[in-house]
Amino acid sequence: RVTGWHTVSDMAFNGTKIGGTLRNASDEVALNVVLTARLIDENGRTIGTEQADLERRGLEPGGSTTFVAEFSGVYSYVGVDFEIQSFGAVRQRDGE
């Protein structure tokens, strides 16, 4: 889950950057983690969708990583929605 996010100040970038922290709140190892961020306007419409750059794409239980998502050409928004996808570690069953 995203435990916090903020607008990243970058005067050289033409748009909006958001950064934050993603935490694995499960008791499973999360592999190939993908975080998608969506900027929302005042009417509740999505005005930008980007896959975030993650510092780490594999997270142990309770582990966390930082992220940054860049929305070129988008300067104003009222909210952010996040979608997280990952695959848990495959466990071998006894006797296999």
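Q: In this predicted model, which residue of β4 is the bridge partner of Leu-39?
A: The structure is a predicted model, and in it β3 and strand β4, which covers residues 46-51, run antiparallel and are joined by five bridges. Within that pairing, the residue of β4 that serves as the bridge partner of Leu-39 is Gly-48.

Q: Which residue in the turn between β3 and β4 has a positive phi?
A: The two strands β3 and β4 form a hairpin, and five residues lie between them. In that turn, a positive phi of about 80° belongs to Gly-44.

Q: Which residue of β3 has a positive phi although it is not a glycine?
A: Most residues other than glycine have a negative phi, so an exception is worth noting. The residue in question lies in strand β3, and it is partly exposed, with a relative accessible area of 43%. Its phi is about 50°, and its name is Asn-32.

Q: Is Thr-36 buried or exposed?
A: Thr-36 lies in strand β3, which spans residues 30-40, and, leaving aside residues up to four places away in sequence, it touches Thr-49, Glu-50, Gln-51, Asp-81, Phe-82 and Glu-83. A residue counts as buried when its relative accessible area is under 20%. The value for Thr-36 is 15%, and therefore Thr-36 is buried.

Q: How many of the eleven residues of β3 are buried?
A: Strand β3 is largely enclosed by the rest of the structure, and this description follows from the count of its buried residues. Of the eleven residues in the strand, the number that are buried is eight.

Q: Which element gives the most residues to the largest nonpolar core?
A: In soluble globular proteins, nonpolar side chains tend to be buried together. Here the largest nonpolar core has 15 residues, and those with the most contacts inside it are Ile-18 and Phe-71. Two or more residues come from each of the elements β2, β3 and β6. The element that gives the most, with five residues, is β3.

Q: Which residue of β3 that Phe-71 touches is also the bridge partner of Gly-48?
A: Not counting residues up to four places away in sequence, the residues that Phe-71 touches include Phe-13, Ile-18, Ala-37, Leu-39 and Gly-48. Gly-48 in β4 has a bridge partner among these, and that partner is Leu-39.

Q: Which residues are linked with Lys-17 in a network of salt bridges?
A: The side chains of Lys-17 and Asp-10 meet in a salt bridge, with N to O at 2.6 Å. Lys-17 also forms a salt bridge with Glu-70, where the closest N and O atoms are 3.3 Å apart. This second pair links distant parts of the chain, since Lys-17 is in strand β2 (residues 15-23) and Glu-70 is in strand β6 (residues 64-72), 53 residues apart. The residues linked with Lys-17 in the network are therefore Asp-10 and Glu-70.

Q: Which residue of the network formed by Asp-10, Lys-17 and Glu-70 counts as buried?
A: Asp-10 has a relative accessibility of 28% and so counts as partly exposed, and Glu-70, with a relative accessible area of 36%, is partly exposed too. At 13% relative accessibility, the residue that counts as buried is Lys-17.

Q: How many residues apart in sequence are the parts that Glu-83 and Arg-38 tie together?
A: The side chains of these two residues meet in a salt bridge at 3.0 Å, N to O. Because Glu-83 lies in strand β7 (residues 79-88) and Arg-38 lies in strand β3, the pair ties together parts of the chain whose separation in sequence is 45 residues.

Q: What is the radius of gyration of the protein?
A: The secondary structure comes to zero helices and seven strands, and the C-alpha atoms fill a box of roughly 55 × 25 × 20 Å along the principal axes. For 96 residues the globule rule gives 12 Å, and the protein's value is well over this, so the protein is more spread out than a compact globule. The radius of gyration is 16 Å.

Q: What percentage of the residues of the protein count as buried?
A: The accessible surface of the protein comes to about 6,200 Å², and 44% of it belongs to carbon and sulfur atoms. Of the 96 residues, the share that count as buried is 32%.

How values were computed
Residues are numbered from 1 along each chain as its sequence is written. This is a predicted model: local features need pLDDT of at least 70, side-chain atom pairs count only at pLDDT 80 or more; totals for chains, interfaces and linings use all residues. Side-chain values use heavy atoms; hydrogens and water are left out. Helices (H or I, at least four residues) and strands (E, at least two) are DSSP runs, numbered from the N terminus. Buried means under 20% relative accessible area, exposed over 50%, partly exposed in between (1.4 Å probe, protein chains only). Contact means heavy atoms within 4.5 Å. A salt bridge is a side-chain nitrogen of Lys or Arg within 4 Å of a carboxyl oxygen of Asp or Glu. A nonpolar core is a set of buried Ala, Val, Leu, Ile, Met, Phe, Trp, Tyr and Cys residues joined through side-chain atoms within 4.5 Å. Two strands pair if DSSP finds at least two bridges between them. The radius of gyration is taken over C-alpha atoms; the globule rule is 2.2 Å times the number of residues to the power 0.38. Accessible areas come from the Shrake-Rupley method with a 1.4 Å probe; for residues, only the protein chains shown count as cover.
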